[in-house]
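This briefing goes through one protein model by topic. The sequence and the coordinates come first, and the notes follow.

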Amino acid sequence: MKRIVLICSTSAFSIACSNDKGGEEATAEVAILGTWDATALKIDDATASEDAKNGRDALAYMTAKECYVITFNFKQDLTVIAENSVDYLEINITATGLDIPCPTEKDTDSSTYTFDGKTLAIVDVQGKLVNTNASIVGNILNIDAAGLGIPNFNGTGQLIFQKR
């Protein structure tokens, strides 16, 4: 009987102590795992450029059609797959209004990342480390858009991502 208690105690102790990372960082690393679709761009209309406003409006239009033009897939091995269809958007002005078909082409990049719950660091396609403020609340990921290098989405403001 003592032997069973000892084995159970040892197993519980080793499981509880198997991760040396702090609770917040370990939780952030788990929370970011999965596929995230950009669904909105929050900007200040008073200070935003016309490109940023157009980017926000196009993203809202595409999201309403369930067409996601920026997607991140964060993996447990600290790699991230980024899919970006922004360069393939075709904006058509018709007699009935605006029409933006969902792009069939996309650029795909693979990189590495770290996320500590406050800062998302990704190595960009040129090998440069890009640090940006980021936070997760439930299934929503907020990333500061500045410095991401995504045309029309890299001004001031936040890109909002929804987890699939």
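**Hairpin and neighbouring strands**

Strands β8 and β9 make a hairpin with two residues between them, and Gly-138 in the turn has a positive phi of about 65 degrees. The model is predicted. The points below start from this hairpin and then cover the chain as a whole, the disulfide, the salt bridges and a nonpolar surface patch.

- The pairing of β8 (residues 129-137) with β9 is antiparallel and runs over four bridges.
- Within this pairing, Val-137 is placed opposite Ile-140 of β9.
- Strand β9 is also joined to β10 (residues 158-163), by five bridges and again in the antiparallel sense.
- In that second pairing, Leu-141 faces Phe-161 of β10.

**Asn-142 in strand β9**

- Asn-142 belongs to β9, which spans residues 140-144.
- Is Asn-142 buried or exposed? Asn-142 is buried because its relative accessible area is 13%, and the cut-off for buried is under 20%.
- With neighbours within four places in sequence left aside, Asn-142 contacts Asn-133, Ala-134 and Ser-135, as well as Gln-158, Leu-159 and Ile-160.
- Strand β8 covers residues 129-137 and strand β10 covers residues 158-163.

**Chain overview**

- The protein chain has three helices and ten strands.
- In sequence order, the elements follow the pattern α-α-β-α-β-β-β-β-β-β-β-β-β.
- The chain has 164 residues, of which 29% count as buried.
- Among contacts with a separation of 6 or more, 49% are between residues 24 or more positions apart.
- The accessible surface of the chain is about 10100 Å², and carbon and sulfur atoms account for 54% of that surface.

**Disulfide**

- The count of disulfides is one.
- The disulfide is between Cys-67 and Cys-102, with an S to S distance of 2.0 Å.
- Cys-67 sits in the loop between α3 (50-64) and β2 (70-74), and Cys-102 sits in the loop between β5 and β6 (107-115), so the pair ties together parts that are 35 residues apart in sequence.
- The link of Cys-67 and Cys-102 is right-handed, with 80 degrees about the S-S bond.
- Cys-67 counts as buried because its relative accessibility is 3%, whereas Cys-102, at 41%, counts as partly exposed.

**Salt bridges**

- The structure contains five salt bridges.
- One of them brings together the side chains of Arg-164 and Asp-37, at 2.9 Å from N to O.
- This pair links distant parts of the chain, 127 residues apart: Arg-164 is in the segment after β10, and Asp-37 is in strand β1 (residues 34-42).
- Which partner of this pair is buried, and which is exposed? Arg-164 counts as exposed at 64% relative accessibility, while Asp-37 counts as buried at 4%.
- Arg-56 and Asp-45 form another salt bridge, in which the closest N and O atoms are 2.5 Å apart.
- Arg-56 is in helix α3 and Asp-45 is in the loop between β1 and α3, so this pair ties together parts that are eleven residues apart in sequence.
- Arg-56 also meets the side chain of Asp-57 in a salt bridge, at 3.0 Å from N to O.
- Asp-45, Arg-56 and Asp-57 are thus linked in a network of salt bridges.
- Each member of the network is partly exposed: Arg-56 has a relative accessible area of 21%, Asp-45 has 43%, and Asp-57 has 42%.
- For Arg-56, the label is partly exposed because 21% falls between the cut-offs of under 20% for buried and over 50% for exposed.

**Nonpolar surface patch**

- Ile-91, Ile-93 and Leu-98 make up a nonpolar patch on the surface, and their accessible area together is about 340 Å².
- Leu-98 lies in strand β5, which covers residues 97-99.
- Leu-98 is partly exposed, since its relative accessible area is 46%.

Notes: Residues are numbered from 1 along each chain as its sequence is written. This is a predicted model: local features need pLDDT of at least 70, side-chain atom pairs count only at pLDDT 80 or more; totals for chains, interfaces and linings use all residues. Side-chain values use heavy atoms; hydrogens and water are left out. Buried means under 20% relative accessible area, exposed over 50%, partly exposed in between (1.4 Å probe, protein chains only). Contact means heavy atoms within 4.5 Å. Patches are made of residues with over 30% relative accessible area and no salt bridge: like charges are joined within 9 Å, nonpolar side chains (Val, Leu, Ile, Met, Phe, Trp, Tyr) within 5 Å. Accessible areas come from the Shrake-Rupley method with a 1.4 Å probe; for residues, only the protein chains shown count as cover. A salt bridge is a side-chain nitrogen of Lys or Arg within 4 Å of a carboxyl oxygen of Asp or Glu. A disulfide is a pair of cysteine sulfur atoms within 2.5 Å. Two strands pair if DSSP finds at least two bridges between them.
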